[in-house]
Structure formats: C-alpha cells, structure tokens
Amino acid sequence: MSIAFRGLGRLNTLPLLLILAALALILAACGRPADGVMKGADVEHAIEVLDAAPTHGFPQGAFNTKRIAELSQSEDGKAVAERDRLLRAALISYAEAQHGLGLPKASLPKDWGMRPKAYDAEAELDAAIKAGKVREWLDGLAPTAPAYRALQEAYGRYLKVAAAGGWPEVPEGSFTPGATGPAVDALHRRLAAEDAALGETPTGVVFDPALAEAVRRFQAAHGLPTTGQVDAATRTEMNVSAMGRAAQIRANLERLRWLPRDEPATRIDVNSAAGLVDYVVDGKISTRLRAAAGKPGDETPILASTIDSIVINPPWNVPEGIAKEELYPKEAANPGYFAANDFEEIDGRLVQKAGPKSALGLVKFDFDNPYAVYLHDTPSKAAFSQTRRAVSHGCVRVEHAVGFARMLVTQQPGWSASRFDEVLASGETTAVKLTKPTPVRLMYLTAFPENGRIAFRPDVYRWDAELLRLMDGHFGKV
C-alpha cells in the first residue's frame, strides 16, 4: 500500500506513519520540562516550601535556599541551570529529612535505634514532575500525624513568645490564698503565656482558686504533683525560657519524623522521658500506665519492634555487667545474699529464679531488639510514685504489669482470665506466643501534645542537646 505526494512520488505507508509518529513525539515534547527539571509555578512553590523548612525545626538557611533564590533572579542560561541543579539537590535532601532520613545513620548514637523505612526521594521527585504533581508531592512531604502537627504549630507559637521577649521569671514569694504583689503578678503573666484560660493579666492579681487551678494545669503538663502550690520544682519548670521550650519542641519534631508514616492503629507506646506506657487501640489511648525507664548511663534505647511473647513467671538471667558490678559484691559483703534472694549460678551465669522476688516480677513482655531490653513487672513498686522515674538498667518496668499482661494474653485463643491466673499461681514459667503480635515503640519525647497543650519533661539523658547539635551541624551544610 502506498500514498502519492506531489513532487515526492509514491511512499510506502508504514515508513510515513513512523515519521509522523516521531514528529508527534517531538511536538508533544516541545515546551515540556526535561526529566527532573521543574518550570514556572512549581519552581516558585518549591522555593516557598524550602523557605518554610525552619517552621519544621530545621536550621535557618538549611537546604541552600538563599543561593537558589539569588539564582532565580537571573535569566542567564548558566544561572538557571545552576539553580535547577541546586534546587533538585535541595528538594531531595528536604524530602529525605521530612521522612526522618536527613541525619547520616553513622552520626547517630547507638541507642537511637529507630530508623524509618527507606525512601527514594529522587525517584519520587521525578515521578511527581513527570505526572505534573510537584505541588501535591511537596505539600505531602511533612508527617501528617496529629502529634507532629500539634508540635509544629506549637513551635511557631513558642518562637513568637520568645521573639516578643519571653515570659517573666517567677521569683520566690508568698503564693498562699489571697496573696498579692509582684511575685503573684509575675506568676499570672508566666502562666497566661501558655494557658489561654487565664486571659490577660489584670492589675492587682490575687492568688485565688482560679490561679491555683492554673498552677495545677501547669504541673500536670510537666509531670509534677498537682498540688496547686508553687514549690521549688514547679518554679524550676516555670523558669525554663520560651526559647528553651522551643528548642525542646524542635528536637522532638525530628524524633517524630523517625516514626513510620503508617502508624499501627493498635500498639504500645512507651515514652521513657515521661515514664509512661500507652496502650493504643484503634488510634486512641485505651490504657495508660506509669513506667520506670533507664537511668542516665543505662538509657532505655529508642526503637520500634513487636511484642510477640508474654512470659508468665519469668526467671531473670542477670546481665554479666550487673552481676559483676552490683550483685557479686553484695554476696561478698553479705554471704547468703544470693540464697535469700533466690539467685543461683547455672552454667557460670547468675540467674534469679522465677517468683515474687524476681527483679522481673511476675510477667515479662518480649520483643526482638539488639539491646536485650524488654518491658516487665517489678517487685519494687516505689518508683511508680516518684515524679521522675528514670531508675532502671535500661529495661522498662511497668506499673500494674500483671493486669496489663492478663489483658493481652486473654485476647489469645484458648486463654481466659482464670487460666492466666492459674498459670500465674502455679509459679511455672510459661511463654505465651501472641497470635497477633502487638507493635511496640520505645520513644524519648520530652515534648508532646496532651490535653490541648504541650507537655514537657526534663531531658534526663541530655539527648535533646545532642540531637540539636547534630541537626545544626548537618542541615547547616546541606
């Protein structure tokens, strides 16, 4: 089959169709950006997103935004090409950072073991450009979890308070019912900076029930006894500056970026900084228990795993370091200490028998991790009544652990509360494999949303300062 063209003779149809198809592809490509290169409004929006990176806690000037903006003012071909190259590199780095992968793994302490899933930022950027959905991709990079959103919004508020001069320091003074004076005025102004329920500070403030209640709300948000009295511990927390609180929030925004984007609806969340264990069911906290995490020097690591087994009546295989440094010296100083506390040596290792004296208490929650830590009961309940509960060797002691274990075990086929209690009373060590393992996350959050405000806890491990130093040192060079 052929077609006649005047002046060209006769041409075969197939070659002509191929020529026409090639021309169509060339025409379709005209005006379309080259692979990996953005144009027009997408470039402007990308620069806006990078400019807003500090609102997520990234250092001012990170991601080379100043140089990119300068090059955007030029129409010179070389300048435009350089801008496109820098912009692409910055967007890839920013996308990785928003997915918790911004800091080099080798720079992180070994106890910070929670790392997000791999994320190919370059491929995702190219796919967005190809699909014409760069704006949607950019706007979806930051975590959308409610806790992250709440912290990010709070970060901006605290920075504004700091920029306006911060809040007043609360001096020592008389804070008894009916008290007035400069100290009470300062207290009201300090609390009103975070507590909208107080409103603006009037003249001649009186330490009345409303102000005492505001003190209680402050104490609750800082993990302090809610006495309504301005004691030394309460004043210490009140006198942390607004910029200091913003810095805490900034560090915790980074930690929240380490969490998986697809949060398990049912999970166990441990906050070692706050000494809390939350059992989350269908996205809502079902049970909250106090916890005692590791003390400084024996820090509870940050990790994500899955509880796959609960051990009833667990023996304690004593770690070699604890045995050598703590327990053998006790036996040497007081022969008979081991026998009195149910310790025995088995194959050269010190083991404490299962039972009420066991340091693990009556139940243990096992999950795979490289740190050999777990959640467990304890015969030493006193720590749970303390305000600050960082007292363990790294594992997490859980308040009401037996009842919590019973709740989880009785969700397994063939287990009832009565069977659980029978096994517990028998003293026999029994490992219950969970048919539906429960995700568990060990976190270190010194700032987190709670009851409509931001709750704070002391940075007992000094990890906030270390993380901020790493962020400023790395992102400042991106």
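**Local environments and a helix pair in the predicted model**

S309 touches K364, F365, D366, A431, V432, K433 and L434, when residues up to four places away in sequence are not counted. In this predicted model, S309 belongs to strand 6, which comprises residues 303–312. With a relative accessible area of 5%, S309 falls below the limit of 20% and is therefore classed as buried.

A second serine, S358, is located in the loop that joins strand 9 (349–352) to strand 10 (363–367). Although S358 is placed in a loop, its relative accessible area is 0%, and S358 is accordingly buried. Once neighbours within four places in sequence are set aside, the contacts of S358 are with P314, W316, Q352, K353 and P379.

The arrangement of helix 3 was examined next. Helix 3 spans residues 65–72, and its buried residues are T65, I68 and L71. When the helix is viewed down its axis, these buried residues fall within an arc of 130°, so they line one face of helix 3. An α-helix has 3.6 residues a turn, so residues three or four places apart point the same way. The cover over the buried residues of helix 3 includes helix 2 (41–51) and helix 4 (77–98).

With regard to the second of these partners, the axes of helix 3 and helix 4 come within 9 Å and cross at roughly 150°. Because this angle is over 145 degrees, helix 3 is described as roughly antiparallel to helix 4. The crossing in which helix 3 passes helix 4 is left-handed. On the side of helix 3, the contact is made by R67, I68, L71 and S72, while helix 4 contributes A79, E82, R83, L86, L87 and A90. By residue class, the contact of helix 3 with helix 4 divides into 6 nonpolar residues, 1 polar residue and 3 charged residues. I68 and L71 thus appear both among the buried residues of helix 3 and in the contact with helix 4.

Positive phi values were found at two positions considered here. D342, a residue other than glycine, has a phi near 65°, and it is placed in the loop between helix 13 (337–340) and strand 8 (343–346). The relative accessibility of D342 is 25%, so D342 counts as partly exposed. H400, likewise not a glycine, has a positive phi of about 55°. The loop that holds H400 runs between strand 13 (396–398) and helix 14 (401–409). H400 is exposed, its relative accessible area being 55%, which lies over the limit of 50%.

Another histidine, H474, is found in helix 16, which covers residues 463–475. The relative accessible area of H474 is 25%, and H474 is therefore assigned to the partly exposed class. Apart from residues up to four places away in sequence, H474 touches G102, L103 and P104. The separation between H474 and Y337 amounts to 137 residues in sequence, and in space the two residues are 51 Å apart, C-alpha to C-alpha.

Key:
Residues numbered from 1 in each chain as written. Predicted model: local features only at pLDDT ≥ 70, side-chain atom pairs only at ≥ 80, totals over all residues. Heavy atoms only, no water. Buried < 20%, exposed > 50% of the residue type's maximum accessible area, 1.4 Å probe, protein only. Helix = DSSP H or I, 4+ residues; strand = E, 2+ residues; numbered from the N terminus. Arc of directions from axis to C-beta. Contact = heavy atoms within 4.5 Å. Axes fitted to C-alpha atoms, helices over the stretch in contact; angles between N-to-C directions. Parallel < 35°, antiparallel > 145°, perpendicular 65-115°, else oblique. Left-handed = near helix turned anticlockwise from the far one by under 90°. Nonpolar A, V, L, I, M, F, W, Y, C, P; charged D, E, K, R; others polar.
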